[in-house]
Amino acid sequence: MQFISSSIGRKILMAVTGQAMVLFAIIHLLGNSSIFGWLNGGINAYAEHLHSMPLPIIIGFRLVLLAMVCVHIWFGIQLTLENRGGRPSDYAVKFTQKASFASENMIWTGTLLGLFLLYHLAHFTFQVISPETAALKNLVPLHDAMVPNVLGMVVAGFKNILVTLIYSGAMVALFLHLSHGIQSFFQTMGWSCDKSQPLLVKFGSLVALVLFLGYVTIPLTIIAGILKG
Amino acid sequence: MSDHKTMTLTLIVWRQKNATVPGKFETYTAKNITSHHSFLEMLDCVNEDLIAAGKEPIVFDHDCREGICGMCSQVINGAPHGGQDRTTVCQLHMRKFKDGDTIYIEPWRARAFPIIKDLIVDRAALDTIIQAGGYTSCHTGGVPDGNAILIPKPIAEEATDAAECIGCGACVAGCPNGAAMLFTSAKVSQLALLPQGRAEAATRVKNMTAAMSQCGFGNCTNHYECMAACPKGINVKFIARMNREFIKAQFA
Amino acid sequence: MILDGKCPTGPIEKTWDKHRFDLKLVNPANKRKYNIIMVGTGLAGGAAAASLGELGYNVQAFCYQDSPRRAHSIAAQGGINAAKNYPSDGDSILRLMYDTIKGGDFRAREHDVWRLAQVSNNIIDQCVAQGVPFARDYAGYLDNRSFGGAQVSRTFYSRGLTGQQLLLGAYSALSRQIKAGTVKMHTRREMLDLVVVDGVARGITVRNLVTGEIETHAADAVCLASGGYVNVFYLSTNAKGCSVTANWSAAKKGAFFANPCYTQIHPTCIPQAGEYQSKLTLMSESLRNDGRIWVPKNKADIGKLPADVPEADRDYYLERKYPSFGNLAPRDIASRNAKEACDNGLGVGPGGRGVYLDFADSIKRLSEDTIRERYGNLFEMYEKITDENGYKRPMRIYPAPHYAMGGLWVDYNLMSNIPGLFVLGEANFSVHGANRLGASALMQGLSDGYFVIPYTIGGYLVTVKPGDVKNDHPEFKKSVEDVKARTNKFLNINGKKTITEFHRELGKVMWNDVGMARSKESLTDAIKKIPAIREEFWQNVKVTGSGAELNQQLEGAGRVADFLEFGELLAKDALHREESCGGHFRVEHQLPDGEAKRNDADFSYVGAWEFKGNDKEPELHKEPLKFETIHLAVRSYK
Ligand SMILES: Cc1cc2nc3c(=O)[nH]c(=O)nc-3n(C[C@H](O)[C@H](O)[C@H](O)COP(=O)(O)OP(=O)(O)OC[C@H]3O[C@@H](n4cnc5c(N)ncnc54)[C@H](O)[C@@H]3O)c2cc1C
Ligand code: HEM
Ligand code: HEM
Ligand code: SF4
Ligand code: F3S
Ligand code: FES
C-alpha cells in the first residue's frame, strides 16, 4: 500500500504498465504486418490463429491488458495533476534545455492514445463503426475454412481518407508518447546510468520511430493503392 | 580586462512584499554595468541607486558569493541560476549579457518553496528531506578507525560526485513538476554507495522519498531539466540509482 | 587582571585524558533538563549541537542563513589535518602540536594545542563514519596530501571541497538530532544581544530575520560558534553575512576579546576588479607549487601584455628574496611582499593591485595537460571570474583578508570570562596563536564541537540548577528594549549614505592602515579615522524599510555598526603589540632581512581586551604564555 501511495512507487506502476503496452504494440505491429503477406494467408490467417486460442487465454489476456490501461490512465492522471500543483505558476520567460515537447505533453498524447484506443476497438474489435465491412460478418475462405475477412475490413476502413487521417494522427501521438516514454521507463526502473542514459534516449526515440513508421505504413499503403484487399 | 565599456540594462524583477500579498513585476534600469560585474554585484548597484532614491532595494538570498553555500537563488530569463553551465547566480558575470538587454529576474517557483519576499523563498523543505534520513546513525565517538572500512577509489569518487550538491534548490526550480528528485537522490546515492550508509539504505530511501512528497514537491517524469539547471552538474543517474534503491527497499 | 587559562597540570600527553576524567558528569536523567543555546551551526556549532543533542541535552541552535548547511565553513577547499601518520612519514600528535605552535609564532596555549592534535585523529574517524567521502587511493585507503608547508603528509581532503563535505557531515548529524527532537533549529535568526544575569550568561536576544520579531531565549549555558570577523576589512574571502556581531554583543556584556589584531591575509586570491567588488575569492594556495610569482621591474612595463615583458625585466621577488622557499614562502611573507610590490607602483591589472602567478615555465616543463590535471578547477574558476585564460597568460593574484586568529578569550574548557558563556571555532582565540596553518581551522572547529565542548560543558552545568532563570527575567526585557531602541535608531537616521558605503570606507582604512603591514603612524591614524566614520554613520546612514519585515539593510546596518566599534579595538590591539609575529606585522619590528621580529620578553602573552564603551579606553588583561613542551624558537623561512 505504501508503495502505491509513494511517488516512486506510482511512477514504477506507470512505467511497468506503459512498457507492457509497448511490448503489446510491438507484437501487434508484427502481427499486423502479416498484412503484407509474409504469413501464408495474410492477416486473416493471423487473426484466425489468435482467435483459435483457448477462450480463457484470450479473455485473460484482454483483462490483463484492460487492467494495464486502467492503472496507467488512473495514475497518469493522478500524477499529472499532482505535478501541475508542484509548480503552481510559470516563469515569465520559458526556457528549457532538456525537457522536450514530448515529455511535457505526455498527458495529452496519452489522452489522444486513449481516445484512439476506444475508436480503434470500436472499429476493429467490436466492429461497430462501419458494420457493413465488419470482418465477422464477411467470411472468406482460408485454407479449408471460412474465416472473418479482417483484410477486407482493414482495407475498406483505410480507403476512407478520414479514417487514415485519424490513425496517422494517433500514430504521431504514439510516436511522441513513446519517444519520451521508452527511455523514461529505464530511468524509472533504475536501469540506467550516466553512460547509458543518453543512449537510451536515442534508443527510445528510435523504437518509437520504428513503431510509428511500421504502423502508418499500413493505412498509407492502402490509401495509396499499393496494398489492395 | 580589456574593455571598459559600460552597459545599460532593463531589469524586470519580481517584487513581492511578503508571503501573503501577491507579487508583480517591476521594471528597473541598471546603469554603468561593466562586463566584470558579477550578476549580484549588478543588483547591488541597482539597489544602491534604489536606496538613494528612497525606494526599497530588491532583496535576494546570497552569502558566500563563490558558488558553494547554495544560498543564491534567482531565475534569470526563465533559467535557474541564469543557464550558464555549472554556474550559480553569484558566479554568473555580466559579460554574458549585452548592452540594452532586457532581463527577467524571478524567484524559484515551486509549491514547496513559498516566497518570503521578492526573490527570497523558503527552502526549509530541503532540510526536512535530509532530516528524514540523510545521515548515518553513528554516535559521536566510538566509531572505528577511518581505514577500517576500505572504499575503492571509484566508489569514493562517485559518492563525492553526488555529495557535491549544494542544496540550492535550482533542480526544483527548473523541474516543470517542482520535483526534488535530483536533490534527494544525490544524498540517497552518496550514502547508498558508501559501506557506512548501506545499513540504513532501505529505510533511508523510503523515508526520504516519503518526506519529499509530504513537503509538496511534485513527482519526477524524467524531464532532466534539473540536471541542466544544477550548478554542480549532479547527474540524473543518481535519480535512477535512487529508484533502484527504492525497488530494492521493497524487498528488504 | 592576569587571566588564568585553567590548564590541567602534569605531563602534557596525559592532560586531556586526565582532565576529562576529572570533569564532573551530569546525571543522564538530568541532561534533558538542561537547555543549551548554540549560536552558529558551522563546523564548530553544528558538530557541537549534534553531539550535545545526542548526549541528551536540550539544544536551541541558531543561524542567520536559511539552513545550517550554508555556514561559511562550506567554502574551505584545502583540507583538514590529523596526526594519523597513515603514510608513516614520521608524523605524531607531538609533531602536529609542534608545527601548530611554531606556525602560530608561539602565541598559542600549549595545552589547547596538544588536545587539538590528540583529537584530530578521532575527527577523521568520526567523519568517515558519517559518510564524508574523503579522497581514497586505489586500494581503498584514505589518501593524504601535504599542505601549508608541512614536512609530513597529514592533510585529509575531499577534492577541493573538504569544508563542504565536513560541514555536510556535521549538518547530517545535526539533522538527525533535529528529527529526534533534541535540537530545535532556529534558522534566519541573528543574535543581537547576550543576556547576562548576575554575571552569568543566561540567554540571548535574536531578531527573526523574516518577521522582524525580537525574540529572547533563556538557557543554562550559551555557546557562540559564530565564525570569524575579517569582514571588518569589507573585502575578504568570507561570506557576505559573516560578522563580529554575536561576539561583539558578548564583548559589550563583558566578555574579553583576545588578540583581535591577529588576522590572516591569504596570498592567492583573485584581485579586485573594480570599486563595485563585493567580495574576494580565494584560490587554493597549492597553485604556488607550480606557479612563479613576478611583477615587472620597470613601471614602463606595467601596461604591457605580460608576454611582452622580457624575462630580464621581470622581478621574481619571492625567489630572489627567499631562495630556499621561493614561491612557497609562508602566507604572511608572500602576502606582504605582494602588497609591497604594488605599493611601489609595480602592481598589474586594474588599479595596480595584482601580481602575476605565471605557469608558463611549468607548462613548458610538464605540459598543459599536467597542469590542467592538477589545477583544472581553479583555472576554470579563475576564468569564470576574470574572463582570462590562466594557461595562456599569467594569472593575477592579490592577498585578501581570510581568517581571524583572534576571538573571544576562553579558558581550557572553552568558557569565556563570563560564566556560562562558551565560545567555539573561529569565534574563539584558542589554538592558532598569531598565525594559522593551512588545514587546521577545520580541525579546530570539529575538535571543539565533537570532542571538547561535550565534555567541558558538563563540568560547568553540574554547578548550575537547570532552568534557574527564565526569559521573563527583567534582564531579558531590558535586552529586548535595547535591541529595539537600536533598530529604531537605525531606521530613523534617514541620512544620505548607504551601509555599503560606510562599510567600504571602514574597509579601506582597515586595509591600508591596519592590514598586512602596520606601523605606529598608520595605526594611530586609523584610531583617529574610525571613530570619525562611526560618528558620521550614526548621523548619516540611510536604512530603508521597517523593522517588522525582512530587511537586509537593517541587518547590514547592525553588522557595520559593530564593525565600526570593533575595528577600533583591533587597531588598538595592533598598536599596543610592539612586536611582529605571525599575521601581525609591525614595520618597526623587523629583522634586517624583513622578517618578523618577535618580542618574547615583553609580549609572550594573550592580550584580552575588556570593552568599556566607545568613549572609554578598553582595558587590557593578560594571560602569560608558558612554553614547557615546545621551546621558543625564531621562525625562519630563508
Ligand atoms: C575560502 C576559505 C577557505 C578555507 N579553507 C580552509 C581549509 O582548507 N582548511 C582549513 O582548515 N580551514 C580553512 N578555512 C577556514 C575555516 O573554513 C573556518 O575557519 C571554519 O570553517 C570556521 O568554522 P566555524 O564553525 O567557526 O564558523 P562558520 O562556519 O563561519 O559558522 C558560523 C555560524 O555562525 C552563524 N552566525 C554568525 N553570526 C551569527 C549571529 N549573529 N546570529 C546567529 N548566527 C550567527 C552562522 O549562521 C554560521 O552558522 C577557509 C576559510 C575560507 C573563508
Ligand atoms: C491510454 C491512455 C494513456 C494515457 C492517459 C497515458 C498517460 C501517460 C502519462 C501522463 C505518462 C507520464 C507519466 C509519468 O512519467 O509519470 C505516461 C507514461 C508512459 N506511457 Fe502512457 N498513457 C496512455 C497510453 C499509453 C500507451 C498506449 C502506451 C504504450 C503503447 C503508453 C506508454 C507509456 C510509457 C512507456 C510511459 C513511460 C512511463 C515512465 O515514465 O516510466 N502509454 N503515460
Ligand atoms: C494501422 C495500425 C493498426 C491496425 C491495422 C490495427 C489492426 C487491428 C486489428 C485488425 C485488430 C483486431 C484484431 C482482432 O480482433 O482480430 C486490432 C485490435 C487491437 N489493436 Fe490494433 N491496429 C493498429 C494499431 C494499433 C495501435 C497503435 C494500438 C495501440 C497501441 C492498437 C491496439 C489494439 C488493441 C488493444 C486491440 C484489441 C486486442 C484484443 O482484441 O485483444 N492497435 N488492431
Ligand atoms: S542537485 Fe544541484 S540543483 Fe539540486 S539542490 Fe543540489 S546542487 Fe542545487
Ligand atoms: S526535471 Fe523534474 S521530472 Fe525528474 S528528471 Fe528532473 S526531477
Ligand atoms: S551565494 Fe553562495 S552559492 Fe551563490
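A cavity here is a set of grid points where a 1.4 Å probe fits but cannot get out. With that in hand, here are the close-ups of this predicted model.

**View 1. The second largest cavity, with residues of chains B and C close to its centre.**
Rolling a probe the size of a water molecule over the atoms shows where empty space is left. Searching the whole structure turns up 12 cavities of 30 Å³ or more. The second largest of them has a volume of about 200 Å³, and 21 residues line it. Closest to its centre are B:Glu41, B:His93, C:Gln277, C:Lys279 and C:Ile385. What is the lining made of, nonpolar, polar or charged residues? It's a mix: 8 are nonpolar, 9 polar and 4 charged.

**View 2. Chain B as a whole.**
Chain B is built with 9 helices and 7 strands. Its C-alpha atoms fit a box of roughly 60 × 45 × 35 Å along the principal axes. The chain has 252 residues, and 65% of them are buried.

**View 3. A nonpolar patch on the surface of chain A.**
Six names to look for here: A:Ile161, A:Leu162, A:Leu165, A:Ile166, A:Leu220 and A:Ile223. Together they put about 550 Å² of accessible area on the surface. Two elements of chain A each give two or more residues to this patch, namely helix 8 (161-188) and helix 9 (196-223). Which of them gives the largest share? That's helix 8, with 4 residues. A:Leu220 sits in helix 9, and its relative accessibility of 44% is why it counts as partly exposed.

**View 4. Two residues with positive phi, A:Gln127 and C:Tyr234.**
Most residues other than glycine have a negative phi, so a positive one is worth a close-up. In chain A, the phi of A:Gln127 is near 55°. A:Gln127 belongs to the loop between helix 6 (106-125) and strand 1 (139-142) of chain A. Is A:Gln127 buried or exposed? Its relative accessibility is 10%, so it counts as buried. Over in chain C, C:Tyr234 has a phi near 65°. C:Tyr234 lies in the loop between strand 9 (221-224) and helix 7 (245-251) of chain C, and with 8% relative accessible area it is buried.

**View 5. C:Cys242 beside C:His72.**
C:Cys242 is another resident of the loop between strand 9 and helix 7 of chain C. At 12% relative accessibility, C:Cys242 counts as buried. How far apart are C:Cys242 and C:His72, in sequence and in space? They are 170 residues apart along the chain, yet 7.8 Å apart from C-alpha to C-alpha.

**View 6. The salt bridge between C:Asp125 and C:Lys84.**
Side chains of opposite charge can pair when their charged atoms come close. Over all chains, the structure holds 79 salt bridges. In this one, the side chains of C:Asp125 and C:Lys84 meet at 2.6 Å, N to O. C:Asp125 comes from helix 5 (residues 110-130) and C:Lys84 from the loop between strand 3 (80-81) and helix 4 (93-103) of chain C, so the pair ties together parts 41 residues apart in sequence. Buried means under 20% relative accessible area; C:Asp125, at 11%, is therefore buried, and C:Lys84, at 14%, counts as buried too.

**View 7. The salt bridge between C:Asp193 and C:Lys253.**
Here the N to O distance is 3.2 Å. C:Asp193 is part of strand 6 (residues 189-197) of chain C, while C:Lys253 lies in the loop between helix 7 and strand 10 (257-258), so this pair ties together parts that are 60 residues apart in sequence. The two ends don't share a burial class: C:Asp193 is buried at 8% relative accessible area, whereas C:Lys253, at 30% relative accessibility, counts as partly exposed.

**View 8. C:Arg288 with C:Glu285, and a salt-bridge network in chain C.**
C:Arg288 and C:Glu285 join side chains in a salt bridge of 3.1 Å, N to O. C:Arg288 is buried, with 4% relative accessible area, and C:Glu285 is buried as well, at 10%. Which residues of chain C are linked in a network of salt bridges? They are C:Asp105, C:Arg107, C:Arg577, C:Glu579, C:Arg598 and C:Asp600.

Notes: Residues numbered from 1 in each chain as written. Chains lettered and ligands numbered in written order. Predicted model: local features only at pLDDT ≥ 70, side-chain atom pairs only at ≥ 80, totals over all residues. Heavy atoms only, no water. Patch = residues over 30% accessible without salt bridge, like charges linked within 9 Å, V, L, I, M, F, W, Y side chains within 5 Å. Areas by Shrake-Rupley, 256 points an atom, 1.4 Å probe, with all protein chains shown as cover. Salt bridge = Lys/Arg side-chain N within 4 Å of Asp/Glu carboxyl O. Buried < 20%, exposed > 50% of the residue type's maximum accessible area, 1.4 Å probe, protein only. 1 Å grid on protein atoms, 1.4 Å probe; cavity = no way out; pocket = protein on both sides within 12 Å on 5 of 7 lines; lining within 4 Å. Points joined across faces, edges and corners; volume = space filled by probe spheres on them. Nonpolar A, V, L, I, M, F, W, Y, C, P; charged D, E, K, R; others polar.
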